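Dear colleague,

Please find below the sequence and structure that I am handing over to you. I should be grateful if you would look through them alongside the notes that come after.

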Amino acid sequence: MPFSDLKEQENACNEKRVEGNTYFQEGHFEKAVEVYTSVINMTKGTSSFDPTFLSNRASAFIRLHNFGDGLRDAEDYISHLPNCCKGYAKKAQALHGLKRFWDATCAAAFAYYYNKDIFSSFAPFKHLFHSLKDRIYICRSSTSLLVSSILHCNFLSQKESELPRKIIIFEPGDYTFQRQMYICDTILIGVEDSETKRIPLLSFQGSVGMFSSRCIMAVNISFVFDAGCWETNDDTDATFMNCSFTSNAGQGKQAFLSSGASTFTNCHFDNCKTFVQKCIFSANGGLGVQVFLGGELELKNSKVHGNELGIHMGPDAGRCCVINCEIYDNRYQGVVTFRSSNIILTGNRIYQNDRHGINLVGLSFTHIEKNEIFENCWRGISTMDNARCNVINNNIYRNKYGGVQVVSIGPGPEERHSIVENNNIFDNGGPGIYDEMVFRDEANIPKEQTLKEHIYFYKHRKQMRKTKLKGNKKRNNNKTDHVHPEKEAEPLDLCVFCGEKKPLQNCRGYYSVGYCVKSCQKSDWKKHKSVCASLLQESSVVVNVVRKESYLGRASKGYITTTFNEQAPGLDPKGPEYANPPKYGKRFIVKVQAGDSIRQSNLGTSLLVVYDRSMTVHGDLDWKHCPLYHIVQRCGKLSHGIGWTKMYFWATFCNPDDYSTLRIFTKMLPPYQNW
């Protein structure tokens, strides 16, 4: 950007700053938000961007009691200026408004660490956190003995408290403890080293450890135990964020023993046996729980959700038991076992994960019994690459690509086979049980390796051991892994004015609502016209279509003539001879297909494709940034292979002379099509 343009932008920002601050001081907080937002949008990603506008807008949101947006702006500010007290102060205010008092106290303590005058200089703190300053202790690693006395408390003599009695801040460094610690109603905060990014390390020597009761919170701390562990009482409600637990006693020794309720975010356990129950593993950017290289796990009555992957056991994990847990809404698989032979899954509910509910890979054995496995976006259970399992007395249903896939294993002795027995398998989008050979199709596996697996299987196919199937009840599963239902439920059409279920005429301007008769539309117009445009924004997306030149024939009169031969079995044909081309000003039906990026067979191809039946519209969409990708992947019907889904939408052209820009409607769907 030329210097003159940059200077002009800086001057404009300063003018907006004065304008927004004036509105704020006069109590016009909505207008202040508008001004701050305009500057943020104008400068985001440029050298003129000033995070102060985020802090200012957070203050305005908080004054409007919009604490959620205030919290987001405060956290965004902290990401730009992590050592500034302002972000933590606004975060504390927002969390307090959301009634998350312990989180608010933690943020307020961070603000105090970076500005010791915060309680006298920042007016809101005088009211919200008036007694907090006297409970904050800042510790340095050179004073470990003093830290030990501060940390330890005789919780048996204290009454239960709604707020923490102590907030202990550990500055960067290593701390050593030689006595058993008892804590309750305490927050432990570690300050990250700004240069090394290392968090404080608390080392417990000999057999000593940590025993906690009632409310506990720990943030940004590594806990290392020689022969002791962290143990929680059954009345504990503990929260751990960005913490790690390590045992120096070697494999099989516990570093964490939980009897109470605990929540873990971005935490991990190293070189230890872990027993946890009534815990939550959520919002981790990677794995919710990972166990490997001899580590052991006993996880009971817990929830694992909202992670990239739920539970990953392997390679070479020790004995792992997952009992009576809920594992759901993880971006990839719910549970993965990899080259580990002593895994037990029993009594769990594993559901609504974006890929397989349970995925078994590599030379391993897993016992799966009495689980509810349902509504996962791929298969309920899938085995691959010599993984062996016992699948007994489970309910497996409504999984999009099928119930159970168990591949042949071997070559090996006769007794080395999988068992699928006495399961109730129903309403799955693919086969109830598929026991033929399947080869890996993953983007991170070289094609040469996949080819070797093919050759190895066919060379030893007579020695492969097929799965033993017995006593399974199967009903209403699709026989193939291609779903093309002949009958699909019609959308429920209700008049937005009178509520009658009749054939509807849609609002011609935006197609966002429908009316059964003209009089209903006329009666509703005064109300509808004020929200019509906003309904359009909420119920549709605008997309740019990049035409698929490799499939196109000659262009003629605004549409494409093509010989499109990639016709899946059972579908009606498509092309200009089978349907009239869509026209500007009228809505038409498009088919959107989305493929999964993890599959090797999808490398180098588009993962989001759109076309209408006449093939006038036919091209690729930007799958990484288009919201349709996630809608179709999660909600669509199975298309032509695992990882591919499809949905039909209403669409219109945005411009009369440009067929490459579409508006696709996501709320009101057309009847199901068969092309």
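The notes below go from the whole chain to its strands, its cores, one helix and a few backbone features.

The model is predicted: local features need pLDDT of at least 70 and side-chain atom pairs count only at pLDDT 80 or more, while totals for chains, interfaces and linings use all residues. Residues are numbered from 1 along each chain as its sequence is written, and side-chain values use heavy atoms, with hydrogens and water left out.

Overall composition

The protein chain has 13 helices and 48 strands; these are DSSP runs numbered from the N terminus, helices being H or I of at least four residues and strands E of at least two. Of its 675 residues, 50% are buried, where buried means under 20% relative accessible area, exposed means over 50%, and partly exposed lies in between (1.4 Å probe, protein chains only). Among the contacts in the protein chain with a separation of 6 or more, 55% are between residues 24 or more positions apart; a contact means heavy atoms within 4.5 Å.

A five-stranded sheet

An open sheet of five strands has the order S3-S5-S7-S10-S13, with parallel pairing; two strands pair if DSSP finds at least two bridges between them. Its edge strands are S3 and S13 (268–270), each of which pairs on one side only. Neighbouring strands of this sheet are turned by 15° against each other on average, direction ignored; the axes are lines fitted to C-alpha atoms, and angles run from 0 to 180 degrees between N-to-C directions.

S3 (residues 174–177) and S5 (residues 201–204) are joined in the parallel sense by four bridges, with Tyr-175 partnered by Leu-202 in S5. Four bridges also join S5 to S7 (residues 222–225), again in parallel. Across that pairing, Leu-202 stands opposite Phe-223, and Leu-201 has Ser-222 as its bridge partner.

Nonpolar cores

Phe-223 of this sheet also belongs to the largest nonpolar core, which has 60 residues; it is one of the six that touch the most other members, the others being Leu-188, Trp-230, Phe-240, Phe-245 and Met-313. A nonpolar core is here a set of buried Ala, Val, Leu, Ile, Met, Phe, Trp, Tyr and Cys residues joined through side-chain atoms within 4.5 Å. Setting aside residues up to four places away in sequence, Phe-223 touches ten residues, namely Leu-188, Leu-202, Phe-204, Met-210, Ala-218, Trp-230, Cys-243, Ser-244, Phe-245 and Thr-246. A second, separate core of 34 residues includes Phe-67, Phe-119, Ile-169 and Val-219.

A strand covered on both faces

In a regular strand the side chains alternate between the two faces of the sheet. In S25 (residues 358–361), Ile-358 and Leu-360 on one side and Asn-359 and Val-361 on the other are all buried, and both faces are thus covered. S25 pairs in the parallel sense with S22 (residues 335–338) over four bridges, Phe-338 having Val-361 as its partner. Four bridges likewise join S25 to S28 (residues 379–384) in parallel, and Leu-360 is matched there with Thr-383.

Helix H3

Because 10 of its 12 residues are buried, H3 is largely enclosed by the rest of the structure. The end C-alpha atoms of H3 (residues 52–63) are 17 Å apart, in agreement with the 16 Å that it should span; the expected span is 1.5 Å times one less than the number of residues.

Ser-55 is found in H3 and counts as buried because its relative accessibility is 3%. Beyond its neighbours within four places in sequence, Ser-55 is in contact with Tyr-77, Lys-86 and Lys-90. Its C-alpha atom is 7.2 Å from that of Lys-90, 35 residues apart along the chain.

Backbone features and cysteines

Most residues other than glycine have a negative phi, and most peptide bonds are trans. His-65, in the loop between H3 and H4 (67–80), has a positive phi near 65° and is exposed at 59% relative accessibility. Lys-99 also has a positive phi near 65°; it is located in the loop between H5 (85–97) and H6 (101–114) and is exposed, with a relative accessible area of 63%. A cis peptide bond, with omega about 5°, joins Gly-314 and Pro-315. Pro-315 is in the loop between S19 (309–313) and S20 (320–323).

Taking a disulfide as a pair of cysteine sulfur atoms within 2.5 Å, the count comes to zero. Cys-139 is buried at 1% relative accessibility, and Cys-626 is buried with a relative accessible area of 10%.

With kind regards
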